Amino acid sequence: VCTTLECTAVCPSGALRRLTDKHEIHMGLARVDTSLCFRGRQECTMCVENCPIGPDAIRINDRGQVQVFEAGCIGCGRCRQVCPTYPRAITIEPW
């Protein structure tokens, strides 16, 4: 969910269409495996900082854990992409 959505402009088949609002996108839902997440051991916030939706989708809760909100998460996978753990602490469940 980049800002320019270049892929929609150059797609030769027309399979990708440009949406006016990224909140209209519903690809899936991010899930965090807290046993793999660095958040319990260090101050990692990569997933939160890189989410194109922001705190409506993912944030650190009052227990200091990463929390994903179904109503806000669009399932783009940016959080998983930047997660520094191996294996990744974040998975994306497709809709």
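Reader: Hi, I'm new to this one. By class, what residues make up the lining of the largest pocket?
Author: The lining of the largest pocket has nine nonpolar, one polar and two charged residues. Nonpolar here means Ala, Val, Leu, Ile, Met, Phe, Trp, Tyr, Cys and Pro, charged means Asp, Glu, Lys and Arg, and the others, Gly among them, are polar. The model is predicted, with pLDDT of at least 70 needed for local features and 80 or more for side-chain atom pairs, while totals for chains, interfaces and linings use all residues. Numbering runs from 1 along each chain as its sequence is written, and side-chain values use heavy atoms, leaving out hydrogens and water.

Reader: OK. Which residues lie nearest the centre of that pocket?
Author: L5, T8, L16, R17 and I25 lie nearest the centre, out of 12 lining residues. The pocket itself holds about 230 Å³ of space. On a 1 Å grid over the protein atoms alone, a pocket is an open set of points with protein on both sides within 12 Å along at least five of seven lines, a cavity is a set where a 1.4 Å probe fits but cannot get out, and lining residues have an atom within 4 Å of a point. Points join across faces, edges and corners, and volume is the space filled by probe spheres set on them.

Reader: And how many cavities of 30 Å³ or more are there?
Author: The structure has two of them. The largest cavity contains about 100 Å³, and the second largest about 70 Å³.

Reader: What lines the largest cavity?
Author: Its lining has 15 residues, and C51, A57, C73, C76 and C79 are nearest the centre. By class, that lining splits into 12 nonpolar, two polar and one charged.

Reader: What about the second largest cavity, which residues line that?
Author: C37, F38, C44, M46, C47, V66, C83, P84, T85 and I90 do. Nine of the lining residues are nonpolar and one is polar, with no charged ones.

Reader: Lots of cysteines there! How many disulfides does a search of the whole structure find?
Author: Zero. A disulfide would need two cysteine sulfur atoms within 2.5 Å.

Reader: Why no bond for C47?
Author: Because the closest cysteine sulfur, in C37, is 6.1 Å from the sulfur of C47, which is too far. C51 is also too far for a bond, as the closest cysteine sulfur to its own, in C76, is 6.1 Å away.

Reader: Is C47 buried or exposed?
Author: C47 is buried, at 9% relative accessible area, and C51 is buried at 19%. Buried is under 20%, exposed is over 50%, and partly exposed is in between, with a 1.4 Å probe and protein chains only.

Reader: Back to T85. Where is T85 found?
Author: T85 sits in the loop between helix 3 (78–82) and strand 4 (90–94). T85 is buried, with a relative accessible area of 3%. Its side chain reaches the backbone nitrogen of A89 at 2.8 Å.

Reader: What's odd in that loop? Which peptide bond is cis?
Author: The one from Y86 to P87, with omega near -5°. P87 is in the loop between helix 3 and strand 4. Most peptide bonds are trans.

Reader: Last one, R80. How far are the C-alpha atoms of R80 and L5 from each other?
Author: They are separated by 19 Å, with the residues 75 apart along the chain. R80 has its place in helix 3 and counts as partly exposed at 35% relative accessibility.

Terms used. Helix = DSSP H or I, 4+ residues; strand = E, 2+ residues; numbered from the N terminus. Polar contact = N/O pair within 3.5 Å; in protein donor to acceptor, adjacent residues only side chain to side chain.
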